[in-house]
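Q: Please take a close look at a single helix of this chain, and set it in the context of the whole model.

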Amino acid sequence: MTDKQRIKNLNVPDGIVDCVLDTDAYNEVDDQYAIAYILRSPERVNLKAIYAAPFSNPKSQYKGGMGMELSYNEIKRILTLVKKDTPVYRGSNGFLSNENTLMYSEAAEHLAK
């Protein structure tokens, strides 16, 4: 990629942008606002899917895969409340142990496709 292309990529895009949202929605309340904002912005964002992410929080008993599953359910609950059928994919059941060890998830597979 040339320097000119890198600089161009930093510009705010015109029109509607395709995106996915990766969220640990059960961990903190800010993610529900992100979901609501993105769902209410179809003139700016074409939401392709939402990914449930694992989380670790010292104030929570939930870790990794359990947190991801709770986030998945929270995302589905929000989409039911607002009557949206946006695809939701489960993220990994834990965290990468290092940069060379792969970890499968539905979300990573969807993103790669």
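What follows is one connected answer, from the helix outward to the chain.

A: The model is a predicted one, and the part examined here is helix 2, which spans residues 30-39. Within helix 2, the residues Asp31, Ile35, Ile38 and Leu39 are buried, each having under 20% relative accessible area. Viewed down the axis of helix 2, these buried residues fall within an arc of 100°, so they line one face of the helix. An α-helix has 3.6 residues a turn, so residues three or four places apart point the same way. On the face turned away from the buried side, helix 2 carries Tyr33 and Tyr37, both of which are exposed, with over 50% relative accessible area.

Turning to the surroundings, helix 2 belongs to a chain with 4 helices and 4 strands, which succeed one another along the sequence in the pattern α-β-α-β-β-α-β-α. The C-alpha atoms of this chain fill a box of roughly 45 × 40 × 25 Å along the principal axes, and of its 113 residues 35% are buried. Among the contacts in the chain with a separation of 6 or more, 61% are made by residues 24 or more positions apart.

As for the surface, the accessible area of the chain comes to about 8,200 Å², and 54% of that area belongs to carbon and sulfur atoms. The chain also holds 14 positive and 15 negative charges, and the mean positions of these two groups are 4 Å apart.

Notes. Residues numbered from 1 in each chain as written. Predicted model: local features only at pLDDT ≥ 70, side-chain atom pairs only at ≥ 80, totals over all residues. Heavy atoms only, no water. Buried < 20%, exposed > 50% of the residue type's maximum accessible area, 1.4 Å probe, protein only. Helix = DSSP H or I, 4+ residues; strand = E, 2+ residues; numbered from the N terminus. Arc of directions from axis to C-beta. Contact = heavy atoms within 4.5 Å. Areas by Shrake-Rupley, 256 points an atom, 1.4 Å probe, with all protein chains shown as cover. Lys, Arg positive; Asp, Glu negative; His and termini not counted. Charge placed at Lys NZ, Arg CZ, Asp CG, Glu CD.
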